[in-house]
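Dear colleague,

I am passing on the structure we spoke about, and I would be glad if you could look it over with the notes below beside you.

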Amino acid sequence: SPSNSITGLSIKTRDELQGLSESLKTMEGKIQEYIKSLEEATYRAETDSMTTLLNREAFEKRVNEVLDSGSFDGYFTFMMIDLDNFKDVNDTWGHSIGDEVIAACAQAIRENFRSTDFIARMGGDEFAVFYKSPPSLKEVEGRAQAVCDSVGAVRVRGSIGITVSVGVAVFDGCETHEYQSLYFEADNALYDAKAQGRNGFIVAPGSRTPGDLG
C-alpha cells in the first residue's frame with residue numbers, strides 16, 4: 001500500500017495516521033499544561049501574595065534589565081513610598097486590619113500608574129515604583145501628589161485611614177546607573193519627606209527631565 005512520510009515517519013494506513021494525529025494532540029495538550037504551570041510558578045515567584053504587586057526581588061530584576069539593556073535613552077523615575085505611622089495601625093487595630101490597610105493602599109498606588117510601570121511591595125509597609133519617559137518634572141510631581149491623595153482617601157472598615165510619604169528621583173537614561181544608587185537616592189528623598197512632616201513628597205535634588213531644560 002502507498003505510504004507517506006511525515007517528519008521522517010512512515011505512515012502506511014489511515015489508522016496509523018489517525019493514531020499519530022491523536023498522539024500529537026495529546027502531546028500538544030501536555031505542552032500547553034506545562035507552559036501554563038510554568039507561567040503560574042513564575043507569577044507566584046515574582047508576586048507579593050498580599051498585594052499582587054511585584055515583590056522586591058522581581059522589581060530589582062526588572063529595573064536592572066532596563067539599566068543593563070543599553071537601549072533606553074530617555075529619562076526614568078524611581079519612587080520610594082512608605083505608609084506614615086503604620087505601626088500605630090497594627091498596635092490599635094491588629095495585624096489583620098493592618099494587612100487590609102496595606103492591600104488597600106497598594107491598590108490606590110497602582111491606580112496612578114500604567115500597566116507597563118514596575119510597582120512593588122518592598123516589604124512591610126514600603127513600596128517602590130519605576131517608570132520610564134516622564135515628560136516633565138511637573139508631571140512627576142503631579143504623580144507623586146496623586147499617590148499621596150489616593151492613599152489619603154483610603155478607608156478600611158469605613159473609618160481607618162492613613163497617609164503616605166514619597167521620595168522621588170529622576171535619572172537620565174543615557175548615563176550609567178546602578179540599581180542601588182537609584183534606590184538610595186529615592187530612599188533619601190523619602191526620609192526627607194518624613195522629616196518634613198509626612199503626608200507629602202520630596203523630589204531629590206538634581207532631578208530633571210528634557211521638558212525642564214527649555
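Are phenylalanine 78 and tyrosine 179 buried or exposed? Please keep in mind while looking that this is a predicted model. Phenylalanine 78 is buried, and tyrosine 179 is buried as well.

A search of the whole structure for aromatic pairs returns ten of them. One of these is formed by phenylalanine 78 and tyrosine 179, whose rings lie 5.9 Å apart from centre to centre with 65° between the planes, an edge-to-face arrangement. This pair joins distant parts of the chain, since phenylalanine 78 belongs to strand β3 (residues 75-83) and tyrosine 179 to helix α6 (residues 179-195), with the two positions 101 residues apart. The rings of tyrosine 183 and phenylalanine 184 also form a pair, and because their centres are 5.5 Å apart and their planes stand at 80°, the pair is edge-to-face. Tyrosine 183 is buried, with a relative accessible area of 9%, whereas phenylalanine 184, at 45% relative accessibility, counts as partly exposed. These four residues also appear in a cluster, in which ring pairs link Phe59, Phe76, Phe78, Phe118, Phe130, Phe171, Tyr179, Tyr183 and Phe184.

Another ring has a charged partner: arginine 143 lies over the face of tyrosine 131, at 4.6 Å from the ring centre.

Turning to the helices, Phe86, Val89 and Asn90 are buried in helix α3 (residues 86-93). Seen down the axis of α3, the buried residues fall within an arc of 95°, and therefore they line one face of the helix. Lys87, Asp91 and Thr92, which lie on the other side of α3, are exposed. As background to this pattern, an α-helix has 3.6 residues a turn, so residues three or four places apart point the same way.

On the surface, Leu24, Met27 and Ile31 make a nonpolar patch of about 290 Å². Of these, isoleucine 31 is found in helix α1 (residues 14-46), and because its relative accessibility is 44%, isoleucine 31 counts as partly exposed.

Finally, serine 207 is found in the segment after β7 (200-203), where serine 207 is buried, with a relative accessible area of 9%. Serine 207 and valine 170 are 37 residues apart in sequence, yet their C-alpha atoms are 4.8 Å apart in space.

With best regards

Definitions and conventions
Residues are numbered from 1 along each chain as its sequence is written. This is a predicted model: local features need pLDDT of at least 70, side-chain atom pairs count only at pLDDT 80 or more; totals for chains, interfaces and linings use all residues. Side-chain values use heavy atoms; hydrogens and water are left out. Patches are made of residues with over 30% relative accessible area and no salt bridge: like charges are joined within 9 Å, nonpolar side chains (Val, Leu, Ile, Met, Phe, Trp, Tyr) within 5 Å. Accessible areas come from the Shrake-Rupley method with a 1.4 Å probe; for residues, only the protein chains shown count as cover. A salt bridge is a side-chain nitrogen of Lys or Arg within 4 Å of a carboxyl oxygen of Asp or Glu. Helices (H or I, at least four residues) and strands (E, at least two) are DSSP runs, numbered from the N terminus. Buried means under 20% relative accessible area, exposed over 50%, partly exposed in between (1.4 Å probe, protein chains only). Rings of Phe, Tyr and Trp (its six-membered ring) pair if their centres lie within 6.5 Å; planes under 30 degrees apart count as stacked, over 60 as edge-to-face and the rest as tilted. A charge sits over a ring if NZ of Lys or CZ of Arg is within 6 Å of the ring centre and within 35 degrees of the ring normal. The arc is that of the directions from the helix axis to the C-beta atoms.
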